[in-house]
Each structure stands twice: as structure tokens, then as C-alpha cells.
Amino acid sequence: MARIDLSAIRHSYMPRPSVEADYALKQVDHSFLDGGAYALLGPSGCGKTTLLNIISGLLHPSEGRLLFDGRDVTDLTTQERNIAQVFQFPVVYDTMTVYENLAFPLRNRGVPRDEIDRQVRETLALTDLAAVAQRRARGLTADLKQKIALGRGLVRSDVNAILFDEPLTVIDPHMKWQLRSELRKLHRRFGFTMVYVTHDQTEALTFADTVVVMYEGEIVQIGTPDELFERPAHTFVGYFIGSPGMNLLPVEVEGVQARFGAHAIALPGAVRDVKGPAELGVRPEYVRLGAAGLPAQVRRVEDLGRRKVVWLLVEGQELAAVLGEDEGLPTEPRVTFAPEGINLYVASRRRALEAAA
Amino acid sequence: MTKTWNNKAWFFVLPVLALVAFNALIPLMTVVNYSVQESFGGNVFFFEGTKWYSQVLNSERFRAALGRQLIFTFTILAIEVPLGVLIALCMPRRGVWVSVCLVLMALPLLIPWNVVGAIWNIFALPDLGLLGRVLNGIGFDYNFTRQAGDAWFTLIVMDVWHWTSLVVLLAYAGLISIPDAYYQAAKIDGASRWAVFRHIQLPKMKRVLTIAILLRFMDSFMIYTEPFVLTGGGPGNSTTVLSIDLVKIALGQFDLGQAAAMSIIYFLIVLVFSWVFYTVMMRNEGEGQS
């Protein structure tokens, strides 16, 4: 297992990129610590798979260096990097049995026969595949095939990292949950460095200790699931994580107040150097409905069982609020924001609020 | 709950049945009819039972033609299938050259069969054809109209030229349908070029190659036009394959009974070979989804 450092990685699929938009990865500087469980989260086309393929060596970055434990591996082949990768669609070798599938990466590396047997048996037990070891891989279900693909990664005990590229896309929902918790278990037991690419926030938040959110070829935030929820560093994170996403209101900042249309909203702190247009971000969970505050109209209510989402119109701006199932709706609702839930964004980036002097 | 029977569907099936009957079953039954009868002029027929069949099966001439046919078919299969796969592997998977390659590959398939025979006949003529003159020029004693070995060589080269493309196109279709993830996984697993071919490409091409081999087997087993134009079955009987022999018997000697019996035997051989081959190749296809 290894620590992986990405240093000023940029990548373009075009032969001669000139403008910023030509780059699929704009600039990535990041370290995946040894033994960490990371999720790369982002919408389709944000560059997360590109980044993963650069780490595994399937792609050579246009610019920048890649280091494993401080050693420059940018120009090494996939095989020399000794990486395991599990793909979106389960890749199994159809003509081989499950056992032979797991033995394949070891055979290719010329490991002695009895050593292969020992490691394959160990991995079969680990992934609960022992019962189907002698079955041909082609007839198995998608989740078993994906386990085989995972097993081919685990069988090499010396891999530097295991990379997952949306591995649960084709798996049935109830198996998804099971496979994910098995992955967590394996990770806790062996401490691999794991990087898990997904566009599904639930998957990312339940799998990883650290979530790396990517947007348009850049990392916009690195943090724990909690941080991503409470303090999104970028308006995109606010929108992408949480359901529904964060409310964003166009405001004018005036000291410790934000002017929203004809109303003034008190900020929990002042922002240095910010005057003029900004965006106020409040998660629906921090929107309170009561007798005081901004007048609002109720547009519709979505009942989600344990809670309900109320869509409001405030000053012509749509706003979501999340209420408990037993909370009533006031007849003439007025909106306030819980101070701990208020974030301020200038040009999409979060600006820290300092405690009012 | 009772099942409703609706016989209206027959109206949709009947036209097809009638069509198949007219273009396949009725002619086939005519041949069956001829094969068990002795025919004289003036529409006089006698029932002969299996006489023609035993005569054909015991004839030296039929066995020799069948032997030549088998040698021809298995030789061209042994060349065209590996060569076709090799060419398909060398073709680009994407880019502008894909269409150029595909058009070049498809060209021989677009030429009418008798034209192919004529092209090669002239091309290989020892005194004025390019191939014939070059071969003689560099010291070979090449004359496909006189020497049996040369006739065979020309026949096989012509068939390889004409039909390898079909194998290439089918194999290529199989190859490009393999998702990139397989190649990426193979890189991760450290597979060699040979292992990629053996464990990814070949298994994924199995179905199309089965079809390619079947088509080439059937087509080459029934080959007529090209050898007819190229060598006419000669020199002597050296390139008289089954269909050429059959036409000689049916139209040359007008032995309708014998020719009909031979046609049926010929048909059964093709049918049995194809069925056995297909069954063997598809033996394990049933288990699970691919």
C-alpha cells in the first residue's frame, strides 16, 4: 500500500490543448494518504474517471507528476505501478473458472504455482466466492462477477492501491448495500489505500472517510461527509450534496447584513473585503417556518415519509425547506434561517464569516 | 381460465409457407423423385428404389470428387480463418482509416463470382497474365492449365483472395464489440499480448467466427463458378470438385437419376457437417448469460 501524490496534474484528450476548456482535468494537487478510503464524487464528465485512469496508468497525464510513496511513477506502465482497478461493468474472463480468474494476475506475473494456490484460496474465502470457485465465470450474476473483479485486485497482496470506477452501477440495489459494507469491512481489516469513483452521493458518503468532490475538471472540496454537508466550499457542492440541494439566494452584502430584495438578513458574522453582490447558501434543513421573517408563498409540498419538503416562493425566488413529518405549515408562513446554517459565497466560493466584533 | 384459440395467425404464416414450398420444398421433392426412378424419354419412369444411391456411393469417381472437395474446403478454411483473424487484429479500432480499411476489405466480396474466375484466369495465364509471367520469369515452371499442382495453387489463392475478407469483416465486428474495460482490466492484470488474444479476444469472437467458418464451409463446399471459369475442372479431373462433377453428370451425361441421388447425398453431407460443427461450437453457450 502506498501514499499517492498528485502534483499539478493536468490532462487533455486533445493533442494540442490551448484554452482552459480543452482540459478534462484543469489542475489537480492532492494526496491520497496510505490506507485511506477516498471517494471521488462528481457529476458525469467532471474528470473523475480521467483522474482514476491517470493514477492507474491507463492514461498518461498531459502535465504534472504522480508519486507513489515519493517515487515518481508518471512514466511507468500500469503493470509496473502495481495497481488494482475495478470497473463499472464487471470484467471477467469468460472462458475461465472463478478460480482461474483470480489466479490470472498472479500467473501473468510469474508467481510460483503453490504460492498462487495459497493466495487464490485466501482471496476466495475473503470474498465469499469459495462455493463457486470451480464454476465458469460467464454464467454468474453481475454482483458475483463484480466480486471476481474485486478478487482479482485483492489477490495481489502487494498492490499499491485499489481503484474503483463506479463499481456498483450494474448491481441490484439490495446487493449494492451488501457489497459496499463488505468493502468497508475489507478495508478496515487490511487497510488498503482505496479510491472510489462515484456520482452517487450516498455511496460516496457511506463508503469514504474523505470525499473529494470534483466539478468541471477541478477538485472543489475535500472533506468528511459532515464538512461537505455543513460547510460546502463551493456552491456546486451545496447543490450536488443533499437532497434537495442547498438554497442559494442572490444578496448584497452590507457589513453584517445581507440585503435580499427589500429585506435584510442578519449574518452570523462579518465577511472581510466583501461588499456588494454575493450568494447566501442555506440548506433546506436550516430553513425555519414561523410567524416572523420573510413572507413566503407555499408552492407545493413533497411528502417523503419521515420528513417533507416544502417548496416556497420568497421574493420571486424558489426556496426549499425540510420539515419533520409532524410539523405543521403556518397559514401565512414566514421564513427565517438558522444562523449556524448560513454560508456566504462570492463567485461560487465560500467566504468564511467572522464572529461579529 | 380457458385459453383462447385464435387461428387467424395462420393467415400470416400461409403466404410464407407457400413461398417456401415453391422455391424450396417442391424443387427438392422433384429431385427426391428423380433419385429413386429410372427415366426414359417421353416421360416414362420406373421405380428403382435405392439403386442410384448405392451406385453413387460405390463409384470411384464420386469418392475422388468428394476427396478433392474435402481437401479444397479444409485447405481454404485453414488459411482463410487464421489469416482473416490476423488481418482483423491489425485493423485500426477507430479513426479515419477504419472506413478505408473496411472498403478495401469489402471490395473482393462485391465482384461477381464468374468475374473473379475470369480475372484470375487471365491474371494467371503463363504467357500473358501478370502472375503467370512473373512466376515463370523468376524460374518457376508455372502453368495452371497443364499442371494439376499449379491449378490447385491458383484455385486456392483465388479463393483466399476472394473470401478472406468475409472472415476479416466478421472477426472485426466481433473485435470492435469488446468494451475498452476488458483491455484496461487486462493491462491491470498484467496480461501479455497473447493472453489478451487467448482469453479476451478469441472468446469474444467465438460466435462470429462460428458463423464465419460455417459460411465459408458451406460456400466452399458448394463452390462452382470460380473453378468452372478458371480451370473447368481440369487439367484432367484434377480440380473437379463435387458441384462441377454433378453438373457434368446431370447436364453432360443427362443421368438424371444418378445426378439426383448425388444431389441428395451432397446436400446431406453439407447439412450434417454444418449441424455437427454448430452443435459442438455452441455446446457451452447455453449456460447463463454472456
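Which elements of chain A make a right-handed β-α-β unit? Select β7(A), then helix α6 (residues 173-190) of chain A, then β8(A), and you have the three parts of that right-handed unit on screen. Bear in mind throughout that this is a predicted model.

**Stop 1: strand β7 and its neighbours**

Stay with strand β7, residues 162-165 of chain A, and colour its side chains by face: Ile162(A) and Phe164(A) lie on one side, Leu163(A) and Asp165(A) lie on the other, and these four residues are all buried, so that both faces of the strand are covered. In a regular strand the side chains alternate between the two faces of the sheet.

Next, add the strands that pair with β7(A). β6(A) runs parallel to β7(A) and is joined to it by three bridges, while strand β8 (residues 194-198) of chain A also pairs with β7(A) in the parallel sense, here over four bridges. Ile162(A) is a useful residue to centre on, since it is the bridge partner of Ala84(A) and also stands opposite Met194(A) in β8(A).

**Stop 2: the antiparallel sheet**

Now select β13, β12, β11, β15, β22 and β23 of chain A, which in that order form an open sheet of six strands with antiparallel pairing. At its edges are β13 (263-266) and β23 (349-351) of chain A, each of which pairs on one side only, and from one strand to the next the twist averages 45 degrees.

Within this sheet, look at β11(A) beside strand β15 (residues 276-282) of chain A, where seven bridges join the two antiparallel strands. To find one position along this pairing, select Leu248(A), which stands opposite Gly281(A) in β15(A).

**Stop 3: backbone details in the loops of chain A**

Most residues other than glycine have a negative phi, and most peptide bonds are trans. The next three selections depart from this pattern.

From β11 (247-254), step back into the loop that links it to α9 (235-240) of chain A, and you will find Pro244(A). The peptide bond from Ser243(A) to Pro244(A) is cis, with omega near -5 degrees.

Then go to Asp69(A), in the loop between β4 (63-68) and β5 (71-72) of chain A, where phi is positive, near 50 degrees, in a residue other than glycine. Is Asp69(A) buried or exposed? Asp69(A) counts as exposed because it has 12 C-beta neighbours inside 10 Å.

Asn82(A), your third selection, lies in the loop between α2 (78-81) and β6 (84-86) of chain A, and has a positive phi of about 55 degrees although it is not a glycine. Asn82(A) is buried, because 20 other C-beta atoms lie within 10 Å.

**Stop 4: where chain A touches chain B**

Show both chains, and select the contact between them: 22 residues of chain A are in contact with 18 residues of chain B. On the chain A side, the elements that give two or more residues are α2, β6 and α3 (98-108), with the largest share, three residues, coming from α3(A). Coloured by class, this side of chain A has eleven nonpolar, seven polar and four charged residues.

**Stop 5: a helix pair in chain B**

Finish by selecting helix α2 (residues 51-58) and helix α12 (residues 256-281) of chain B, which pack with their axes 8 Å apart at an angle of about 70 degrees, so that α2(B) is roughly perpendicular to α12(B). Display the side chains where they meet: Trp52(B), Tyr53(B), Gln55(B) and Val56(B) come from α2(B), and the residues from α12(B) include Gly257(B), Met262(B) and Ile265(B). The residues of this contact divide into seven nonpolar, three polar and no charged.

How values were computed:
Residues numbered from 1 in each chain as written. Chains lettered and ligands numbered in written order. Predicted model: local features only at pLDDT ≥ 70, side-chain atom pairs only at ≥ 80, totals over all residues. Contact = placed C-beta atoms within 7 Å. Nonpolar A, V, L, I, M, F, W, Y, C, P; charged D, E, K, R; others polar. Pairing = 2+ DSSP bridges. Right-handed = clockwise from strand over helix to strand, strands pointing away. Axes fitted to C-alpha atoms, helices over the stretch in contact; angles between N-to-C directions. Parallel < 35°, antiparallel > 145°, perpendicular 65-115°, else oblique.
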